[in-house]
Amino acid sequence: MGHRERMLTGRPYLANRDGLNEARMAAQELLYTYNNLPPSRWGEQRGLLDQLLGGIGENSTILPPLRCDYGAQISVGRDVFINYNLTVLDVCHVTIGDRTLIGPNVSIYAAGHPIAPEDRATGWEYGGPIHIGNDVWLGGSCVVLAGVTIGDGAVVAAGSVVTRDIPAHVLAVGTPCRVVKELT
């Protein structure tokens with residue numbers, strides 16, 4: 001199994017093998033153009049998102065600047081609104097459901113590194129997929145970590161750090177993020 005396949009399946013991988021450097025560079029080129037187009041050229045921005053992302057649904061908006069590693073592992077549903085300055089480390093699949101709202105300065109990190117310094121020094125990395133359900137609202141400056149699922153209709157308060165799964169239809173807050181009440 002090559003390093004690209006290892007990366008996509010959440011196994012340890014080396015980020016400088018199997019064309020991964022070239023794939024990141026291609027994404028950075030598209031992002032540079034996307035992030036520097038004037039707002040009046042939205043049609044061109046949308047075309048760049050279609051090239052960059054694994055999928056983006058109808059009537060979805062991502063305000064620049066956008067930052068990501070590869071783009072191809074990111075799927076965005078329909079009628080999604082993503083505010084300024086989203087960062088997605090998409091070494092594994094990141095799915096954003098329909099009608100989801102994402103506040104400014106949100107970071108979604110599907111990437112991880114070993115905890116022990118001697119293991120980090122080897123260059124090996126890993127990741128875990130992230131699934132954000134339909135009708136979710138992530139408040140500004142949230143951080144979502146690798147392997148997390150956020151259920152449909154959940155609200156995650158601004159500034160929260162999501163380290164584990166959040167069930168559907170709840171309000172969750174804090175660092176680490178925890179459920180404070182069900183939403184009815």
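**Group meeting: sheet, helix and salt bridges in a predicted model**

Good morning. I begin with strands β4 and β7, which run parallel and are joined by 3 bridges. Across this pairing, Arg-67 stands opposite Thr-87 of β7. Please bear in mind throughout that the model before you is predicted.

These two strands belong to an open sheet of 5 strands, in the order β4-β7-β10-β15-β18, with parallel pairing. At the edges stand β4, residues 66-68, and β18, residues 161-162; each has a single partner strand, so one side of each is left without a neighbour in the sheet.

Moving inward, β7 is also joined to β10 by 3 bridges, again in parallel. Here Val-88 has Ile-108 in β10 as its bridge partner. The next pairing is that of β10, residues 107-109, with β15, residues 143-145, which is parallel over 3 bridges. In that pairing, Tyr-109 is partnered by Leu-145 of β15.

Which residues of β7 lie on its covered face, and which on its uncovered one? In this strand, residues 86-89, Leu-86 and Val-88 form the covered face, while Thr-87 and Leu-89 form the uncovered one. As a general matter, side chains in a regular strand alternate between the two faces of the sheet.

I turn now to helix α3, residues 42-52. Its buried residues are Gln-45, Arg-46, Leu-48, Leu-49 and Leu-52. Viewed down the axis of α3, they fall within an arc of 160 degrees, so they line one face of the helix. What do these buried residues pack against? Their partners are α2 (20-36), β2 (55-56), β3 (61-62) and β4, the last of these being an edge strand of the sheet. On the face of α3 turned away from the buried side, one finds the exposed residues Gly-43 and Gln-51.

The same helix leads us to the salt bridges, of which the model has 5. Asp-50 forms one with Arg-46, their closest N and O atoms being 3.5 Å apart. Both residues lie in α3, 4 residues apart, or about one turn of the helix. In general, residues three or four places apart in an α-helix point the same way, because there are 3.6 residues a turn. Asp-50 is partly exposed at 46% relative accessible area, whereas its partner Arg-46 is among the buried residues.

Glu-44 forms a salt bridge with Arg-41, with 2.7 Å between the closest N and O atoms. Glu-44 is partly exposed, at 41% relative accessibility, and Arg-41 is partly exposed as well, at 35%.

A further salt bridge links Asp-135 and Arg-99, whose closest N and O atoms are 2.7 Å apart. Asp-135 lies in the loop between β13 (130-132) and β14, and Arg-99 in the loop between β8 (94-96) and β9 (101-102), so the pair ties together parts that are 36 residues apart in sequence. Finally, Glu-58, Arg-78 and Asp-79 are joined into one network by salt bridges that share partners.

Two other sites deserve a brief mention. The first is a nonpolar surface patch of about 300 Å², made by Phe-81, Leu-101 and Trp-137. Trp-137 is part of strand β14, residues 137-138, and is partly exposed, with a relative accessible area of 48%.

The second is Arg-4, in helix α1, residues 3-8. Which residues does Arg-4 contact beyond its neighbours within four places in sequence? They are Asp-18, Gly-19, Leu-20 and Ala-23. The C-alpha atoms of Arg-4 and Asp-18 are separated by 6.1 Å, although the two residues are 14 apart along the chain. Arg-4 counts as partly exposed, at 29% relative accessibility.

Conventions:
Residues numbered from 1 in each chain as written. Predicted model: local features only at pLDDT ≥ 70, side-chain atom pairs only at ≥ 80, totals over all residues. Heavy atoms only, no water. Pairing = 2+ DSSP bridges. Patch = residues over 30% accessible without salt bridge, like charges linked within 9 Å, V, L, I, M, F, W, Y side chains within 5 Å. Areas by Shrake-Rupley, 256 points an atom, 1.4 Å probe, with all protein chains shown as cover. Salt bridge = Lys/Arg side-chain N within 4 Å of Asp/Glu carboxyl O. Buried < 20%, exposed > 50% of the residue type's maximum accessible area, 1.4 Å probe, protein only. Contact = heavy atoms within 4.5 Å. Arc of directions from axis to C-beta.
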